[in-house]
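Here is a friendly walk through some strand pairings. Have the sequence and the 3D view at hand as you read.

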Amino acid sequence: MPVICRNFVNIALILAVLCAVPSFAGEEIEDRFCTVRGVVGSVQVRIDANYKKVRREMAVSRPVTAGVPSADISASITEEWTPLRLNMVVGERCEIRTGPESEVRLETAEGSMVKIGENTSVEVAALNAVKKAARGKQEVTANARFKISAGSIVATIKKALSGESPNVRFETPTSTAAIRGTTIEIEAQGDAKTVIRVFDGTVEVAPAGSDKFVPLSHGKMAEIGSGQRVVIAKDVPKAYKRKAVYVKGEVPPSEGSKGPPAAPDKTVQLAAAGTGSKKAVEENAAVAREEVKTVAVAAMDSVSISLGLSLGGDADTIQCPVGSTITVEGVVSPKNAVVSVNGVHAKPDATGIFKRTWAAPKEPGIFTLTVSAESGGQVKAITRTIRVTEKK
């Protein structure tokens with residue numbers, strides 16, 4: 001081929017590649033996070049070994065919101081499997097696996113909950129918010145994508161915060177479920193089949209690799225096998241008992257209750273398990289109290305959080321109207337601790353002072369606001385009760 005022709009072909013190929021690259025002008029990506037609210041048994045977590053490479057590619061191809069770090073998951077999460085503990089923060093590219101009779105409950109910034117059942121492997125494939133300027137205003141899409149290799153999950157997905165469009169997906173080897181706001185149960189049996197049950201809303205379901213979604217409404221279910229091309233909806237059997245989104249031992253909050261679900265009391269557990277004399281039960285309870293006291297002192301010595309006066313004391317309930325915002329500010333020690341407000345990162349300055357805003361949902365109700373900090377493997381968390389009321 002003549003030199004001139006070869007050069008022309010090369011130029012054409014370069015132009016084709018440039019035209020194929022998507023434009024991200026005016027687009028910002030904000031990382032979102034999940035907080036661990038409940039853990040039972042053996043649960044482990046690690047970060048995908050390719051995470052850093054993926055983040056570098058993303059940094060080149062699209063801008064990230066100023067002031068929001070690219071990765072602020074708990075510092076103790078590495079590429080090696082490590083135990084997942086209460087109040088740890090997980091984000092994109094985190095992989096979670098549970099053992100027999102083990103489960104974990106995650107909660108997102110807007111209050112959605114995902115319980116991962118026993119013998120389950122899940123990857124948090126995406127967890128972010130994409131902000132675009134369109135038609136003179138900013139549009140925000142909240143993305144969450146979970147890949148379930150095998151096992152089961154129960155998820156209660158809330159509608160996104162004010163001004164956001166939700167985009168939540170659960171993927172298994174044989175299916176994809178797109179959710180706007182509902183409760184869903186998924187059982188993934190590897191490459192064999194997936195069973196999906198829907199409650200309190202509607203879910204769009206399609207076979208893996210297909211864009212032919214079928215709506216499943218409340219009380220409907222579907223079984224999608226390997227190579228299946230059509231989703232067939234049927235009724236959930238009347239005798240079927242719905243699975244709880246809370247882990248074993250948690251007490252779901254009742255209407256009008258204050259605070260998050262109560263963690264199981266270790267003293268009560270030991271006393272109930274005691275089959276010997278009253279003296280033996282009392283000794284067990286005393287041991288439990290000493291263990292709790294020791295853990296509390298150790299955590300206080302390593303990590304501490306002080307919140308501003310506007311957030312009141314431990315027993316206070318903060319009230320605000322729907323659609324409003326609350327400024328969450330305080331001081332953390334050590335000053336380089338990883339701080340999050342309901343799973344959203346709040347980076348401390350050089351003196352340890354941090355600040356974040358919390359947007360109230362569009363509907364009234366009782367919500368929890370949790371500020372957590374982690375450093376050196378120790379976690380400290382403070383919870384406040386938020387009562388969102390109708391506007392007067």
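Which residue in strand 15 is the bridge partner of isoleucine 179?

## Strand 15 and its partners

The partner of isoleucine 179 is valine 203 in strand 15. Keep in mind that this is a predicted model. The pair belongs to a longer register: strand 12 (residues 175-179) and strand 15 are joined by five bridges in the antiparallel sense.

Strand 15 also pairs with strand 16 (residues 214-216), again antiparallel, through three bridges. Here valine 203 turns up once more, with leucine 216 as its bridge partner in strand 16. Six residues lie between strand 15 and strand 16 in their hairpin, where glycine 209 adopts a positive phi near 80°.

Is strand 15 enclosed or open? Because four of the five residues in strand 15 (residues 203-207) are buried, that is, under 20% relative accessible area, the strand is largely enclosed by the rest of the structure.

## A three-stranded open sheet

Further along the chain, three strands form an open sheet in the order 19-21-24, with antiparallel pairing. Strand 19 (304-307) and strand 24 (353-359) are the edge strands; each has a single partner, so one side of each is left without a neighbour in the sheet. On average, neighbouring strands of this sheet are turned by 30° against each other, with direction ignored.

For a closer look at one pairing, take strand 19 and strand 21 (residues 325-333): they run antiparallel and are joined by four bridges. Serine 306, for instance, has valine 331 of strand 21 as its bridge partner.

Definitions and conventions
Residues are numbered from 1 along each chain as its sequence is written. This is a predicted model: local features need pLDDT of at least 70, side-chain atom pairs count only at pLDDT 80 or more; totals for chains, interfaces and linings use all residues. Side-chain values use heavy atoms; hydrogens and water are left out. Two strands pair if DSSP finds at least two bridges between them. Helices (H or I, at least four residues) and strands (E, at least two) are DSSP runs, numbered from the N terminus. Axes are lines fitted to C-alpha atoms, for helices over the stretch in contact, and angles run from 0 to 180 degrees between N-to-C directions. Buried means under 20% relative accessible area, exposed over 50%, partly exposed in between (1.4 Å probe, protein chains only).
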